[in-house]
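Here is a model to be read together with a few questions on how its elements are named and paired.

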Amino acid sequence: MIVAERRHLSEILKNIEPYNKVLILGCRGCVAICSTGGDREVEIIATALRIARKRQGKPLITYEATLIRQCDPEYLANLPELMKDAEAVVSLACGVGVNLIADLYPDIRVYPGVDTLFFGANTQLGVWQEKCRGCGDCIIDLTAGLCPIARCPKNLLNGPCGGSQNGKCEINPENPCIWHLIIERLTARGELDKLNEIWEPKDWRTYLGESPRKRIREDLIKNNKREG
Amino acid sequence: METRSHLEKILKKGHFAVTCEMGPPKNADIEILKKKTKILKGYVDAVNITDCQTAVVRFSSFASAIIALSEGLEPVMQMTCRDRNRIGIQADLLGAWGLGIRNLLCLTGDHPKFGNHPQAKPVFDLDSIQLLSLVKGFKEGRFINGEEIKGEKPNFFAGAAANPFADPFEFRVKRLAKKVRAGAEFIQTQIVYDVERFKRFMELAEEEGLLDKVYILAGITPPKSFGMVRYMKYNVPGLMVPDELLKRMKEAKDPKEEGINIAVEIIQQVKEIPGVKGVHIMAIEWEEAVPEIVKRAGLHPRPMEPEIQPPFVVEKVVEVEKIVEKPVEKIVEKVIEKPVEVIVEKIVEKPIEVEKGLEGEEEMDKIKGVSIEFLIEMITNLKAGLKNLQSGMEHIEETLAEIEKQLLGRKPKKIEKVFRKIEEIPEKKVEKIAKEERKEKEIKEIKTEVKVEAKPEIKPEIKVEEKPKEEKEIRKPKKEIKEKVEDIGKTGFKGTYRDLKTRAEGLSEDLYIDKSSGKIVEVEIGKGEKAFKVGGTEVLPFYSFEGNTGQPLKIAMEILDIVPEDWPETLTKYFSDVFHDPGLWAKKCVEEYKAEAIGVYLIGTDPNFKNLDVKHAVEVVKKVKEAVDVPLIIWGSGNAEKDVEVLREVAEVIGDRGSVIGPIVEANHRTLGATAIGYDLPVVASSPIDVNLAKQLNILLENVGVNLDKILMDPSVGALGYGIEYTYSVMERIRIAALYAQDIKLQAPFICNVGREVWKTKEVGLPTDDLWGEAEMRGIMMEAITTVCLALAGGEIFIMRHPKAIELAKILFNSLS
C-alpha cells in the first residue's frame with residue numbers, strides 16, 4: 001500500500017489560516033489502512049483543527065467526508081457538492097488524491113493533510129516498512145524476491161558493500177543487509193552462481209528518466225469507447 | 001614492458017609496492033596538499049587521493065591528484081559513485097586522463113548519512129563494479145552507453161577495494177573475483193589487523209585463481225592511540241581488531257610509537273603471505289608516520305624513482321612557476337625544522353583523529369564511524385526544530401487523547417489509568433514540596449533529631465491541624481534566618497511521623513497502593529571501598545509505603561578545573577584557599593565537607609571559554625584522582641567535539657577508578673560510548689529535556705554497546721525559578737514510563753547537575769536586603785530546594801556546590817525516607 005503520515009497540525013493550520021469553513025476529506029484506500037487518512041482520522045483531525053482554531057480565537061467550521069478512493073475521478077465526482085459551503089479542502093489522501101483534485105477542479109483550494117512516504121507493508125501493528133520503490137523495471141526475479149533498489153540504501157546491484165556486518169546494514173543496523181539475505185536465499189537454493197555475473201548498470205528511465213510516467217492500455221480505452 | 005604508471009611498473013617488475021593515503025583539506029588551501037606531498041614523496045610509489053571520504057566535503061580528489069602530480073608524487077585518484085551519475089563520472093575520467101592521471105581506484109562511496117551533508121540526495125547511479133566495467137569500456141574505446149570514443153581513450157591502471165573482514169565472508173572472495181572480471185588490475189584491502197583471517201581470505205583468493213590476475217595490496221593503518229583501536233573494534237563495521245592489539249595499545253607507554261611498531265610488524269607478516277604484492281598505508285592526518293613506517297619496514301629507499309610527467313596545467317604556467325616554487329621551498333624548511341608544528345596543524349585541521357585515521361577507501365571505508373561534525377550540525381538543526389515542535393506537540397497530544405476519549409470512547413482502560421496517574425501525582429508532589437519548604441524554614445527555629453533511621457513504612461507527614469501553626473512560625477523567624485547559616489547542620493526536623501497505614505485507617509490498601517512493575521537499574525559508581533550504587537528503586541520517589549526505594553540518594557560535590565570566575569562570594573569563601581589546586585580542593589570537599597563523590601567540571605576546556613587543552617584536563621584529573629579516593633564524576637565542557645578529545649584522554653587516567661564520564665550527547669555517543677566500553681566506565685547521557693530524546697540516546701548508547709547499567713541519565717535540569725517545572729515534569733514522565741509502562745530503555749537512574757544551574761542564577765548573586773533576605777541563605781535555599789524538587793521527580797544523584805546546601809538537602813532527604 002501507499003504509506004503516508006499525518007502532517008504536523010501546525011502546517012495544516014497554516015495552510016487553512018485564511019479560511020473559516022474547511023472540508024476534511026479522507027480516503028478509504030491505502031491511507032485508511034495505514035491509519036492516516038480514513039474515517040477515524042478525518043474525525044480526529046477535524047476536531048483537533050477546530051480546537052486549535054478556537055484557541056486562536058478564530059473558530060473553524062469543518063465538514064467531514066471520506067471517499068472510497070481519491071485517486072479515481074469517479075469517486076471525486078460529487079466533490080463540488082461536498083464543497084458547497086466550504087472554502088477549502090484538506091485532503092488526507094496520498095499525494096495522488098491531492099493532485100487529482102487539483103487537476104480536476106482548478107477552482108478548489110486543496111491542501112495536503114498527510115505526507116506521502118513510500119510503498120510499504122504493514123509488518124506489525126504500528127509499523128510500516130518500505131518494500132518497493134516503483135522503479136518501473138522489476139528485478140526481484142533475480143534476487144529471490146528481495147528488492148535491492150528499495151531496500152539497499154546505495155541501491156547496489158552488485159552488493160553487498162563492505163559495510164555489511166553480521167547481516168546488518170551499516171547505514172541503519174536495525175535493517176538487515178538485503179544483499180546478505182539475497183545471498184543466503186540463493187545459496188540455499190543452490191543458485192548463488194547467478195550473482196557471479198556482473199550486473200549491468202540499471203536503465204533508470206523507467207523510474208525518473210521520463211517522468212511523469214503514464215501507463216496506457218489501448219484495449220481498455222477502445223472497449224470503453226465502444227460501450228460509451 | 002608497456003606500463004601506464006609508475007605504480008604499475010613497480011608491480012609488474014615484481015617489487016613490493018607501497019602506497020598510502022592522503023586526505024585533501026576541508027578548504028581550498030593547496031599549500032596543505034603540497035606539504036603533505038613533500039612528507040610522502042620518496043617513501044611511497046603512489047598516493048591515494050580520497051574522494052570526499054566518509055561523505056564529508058573536501059578539496060576534490062581530481063584537483064588534489066593534479067597537485068600531487070605537479071609536485072612529483074604519483075596519484076591514485078579515487079572515484080566514488082556517490083556524488084556523480086554516469087555522465088559526471090565519465091566526464092571527470094576523460095579530464096583526469098587528459099591531465100595525466102593514470103591510476104584510478106573505483107569505489108561505490110560512503111553513504112551521505114555518514115558525512116556532513118546528510119541532506120544530500122545520494123546518487124549511486126552505478127556501483128563500484130559497474131564503474132570498473134565503465135573504465136574497462138573506456139580502454140576498449142566505448143562509453144558506457146556503447147557509443148564509440150573517437151580519439152584519445154582513457155586507459156587507466158584501474159583498482160578497487162576489497163574487504164576481507166565484512167560479511168558474508170565466503171562471498172567476499174566471489175565479489176573480489178567479480179571486481180577482477182569487471183576490470184580491476186590492483187586491489188587495496190581494508191585495514192588488516194587480523195592477519196589470520198586475511199591469510200584465509202588470500203587462500204580463498206588463490207583457490208579462485210585470482211592471485212595471478214590482480215595485484216593485492218594489504219591495507220595497513222598504524223593505530224594512534226588506545227582510544228582509536230577500541231573505537232575501531234566496537235564501531236567500525238567490517239573491521240576486526242584482535243584483543244591482543246587492544247592490550248598492547250593500552251599498555252603502551254608511547255602509543256604512537258607502539259602504533260608504528262604494530263604497523264611495521266603487520267607489514268612484515270603480510271609480506272610473507274603468498275599473493276600480497278604490496279601494502280597500502282592509511283594514516284590519514286598522520287601522514288608523518290608513513291616515512292617512519294616505510295623505513296622501519298625496510299621498504300626504503302624505494303626501488304625506482306618515478307618518471308612523472310607534470311600535468312598539462314603546470315606546463316602551461318611556466319612563468320608562475322617561480323612564484324609557486326618559493327613558498328614551497330620555505331615549507332620544506334619548515335617541515336624539516338619544526339616537524340612538530342606540522343603535526344599540530346594537521347591535528348587542528350581535523351580534530352577527530354579516530355575517524356581520520358580511519359577514513360579511507362570506501363569499501364574498506366566502512367570505517368566510517370560517522371563524522372562528528374555532521375552529527376553536531378544535524379543535532380543543532382534538530383534541536384531547533386524540536387523545540388518548536390515540542391510545545392505544539394504536547395498540546396496536540398493532550399488534545400488528541402482527549403478527543404479520542406470523548407469521540408471514540410475506545411481508549412483502552414489501562415492507558416486511561418496512566419493518564420490519571422500523571423495528572424494526580426504532580427498534585428501530591430506539589431503538596432509535598434510545599435510542606436518541605438515550610439519544614440525547612442521551621443528547621444532554623446526548632447532543633448530536633450533527624451530521623452535517619454525511619455522505617456520504610458514511615459512517611460513524613462504533618463498533621464493538617466499543625467499547618468496553621470507552621471505558617472505563623474514562618475513569618476516570625478524571618479529575621480532570625482539571616483544569621484543562621486551555620487546552624488543548618490545542627491538542626492533537624494520537627495514533626496511526628498505517622499505511617500501511611502495509620503493515616504489511611506479504614507481504607508482498603510488497594511485504594512492507595514499502586515505497585516509498579518518496573519525497576520530502575522543499579523549503576524555502580526567508582527571502584528573499591530568508597531564505591532556506591534545508585535538506582536534500584538521500584539517505586540516513585542519516596543513512596544516507601546509501596547515497596548523498595550532502592551539505593552540511597554547521593555550527592556557529589558563539584559569542583560572546577562580552573563579558578564571560578566562567576567561564583568558569588570557566598571560560595572567562594574568556602575573554597576578560596578584551595579582554588580589554586582584541584583587536588584587540594586577535592587581533598588577539602590572530602591575531608592572537611594564529607595563529600596561522598598567529587599564532580600570535576602572541566603569548564604576550562606570549553607572552546608568558547610578558555611579552550612584549555614587536553615593536557616590541562618588530564619593534569620587536573622590526575623591531581624584529583626591522587627588526592628581523594630571517593631568516586632569521581634568527570635564532566636566535560638559540553639562541547640561535543642572537544643569532549644571527545646578531552647574525555648578520551650581523561651578516561652585513560654581514571655579508567656581504573658570506575659569514574660563516571662560525561663556528558664555524552666547524541667553527537668558524540670559513538671566515540672565516547674566506545675571510550676566508556678573500553679574502560680568499563682559509567683557515563684552521563686545528556687539529552688535536552690525531552691522524554692523521547694532521553695530514550696533515544698539510551699537506545700543509541702545501547703546499540704554502541706553501553707549497557708543500561710552504565711548509564712546515568714541527565715535530563716538537563718533547571719534551577720528553581722529557571723524552568724524547574726519543565727524539568728520536573730519531564731523527569732516524572734520518564735520515571736512513570738520506566739516504572740509503570742515497562743519502558744525498559746528509560747530504566748536508568750537520573751543524575752542532576754544542580755549546583756551549576758543554581759549558582760549561575762541572578763538571585764544567588766544579589767546582595768542581602770530586607771525583601772530578599774540574607775544572600776547566602778538565599779543561595780543555600782535555592783540549591784537545596786532545587787535538589788529536593790528534583791529528588792521528588794526521581795533524581796538519584798546530584799552534583800552540588802555549597803556545603804551548607806548539601807547538608808540541608810541531606811536533612812530533607814533523610815526526613816523523607
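Q: What makes the 4 strands of chain A an open sheet, and in which order do they stand?
A: In this predicted model, the strands of chain A (DSSP runs of E, at least two residues, numbered from the N terminus) form an open sheet in the order 3-2-4-5, with parallel pairing. Strand 3 (61-67) and strand 5 (110-112) of chain A stand at the edges with a single partner strand each, so one side of each has no neighbour in the sheet. Local features need pLDDT of at least 70, side-chain atom pairs count only at pLDDT 80 or more, and totals for chains, interfaces and linings use all residues. Residues are numbered from 1 along each chain as written, chains are lettered from A and ligands numbered from 1 in the order written, and side-chain values use heavy atoms, without hydrogens and water.

Q: Why are strand 2 and strand 4 of chain A called paired?
A: Pairing requires that DSSP finds at least two bridges between two strands; strand 2 (residues 21-27) and strand 4 (residues 88-91) of chain A are joined by 4 bridges and run parallel, and therefore they count as paired. In one of these bridges, A:L23 has A:V89 as its partner.

Q: What makes the crossing of helix 22 and helix 23 of chain B right-handed?
A: A crossing is right-handed if the near helix is turned clockwise from the far one by less than a right angle, and left-handed if anticlockwise. Helix 22 (residues 582-591) and helix 23 (residues 614-627) of chain B pack at about 35° (angles run from 0 to 180 degrees between N-to-C directions, with axes fitted to C-alpha atoms, for helices over the stretch in contact), and their axes are 7 Å apart; the crossing is right-handed.
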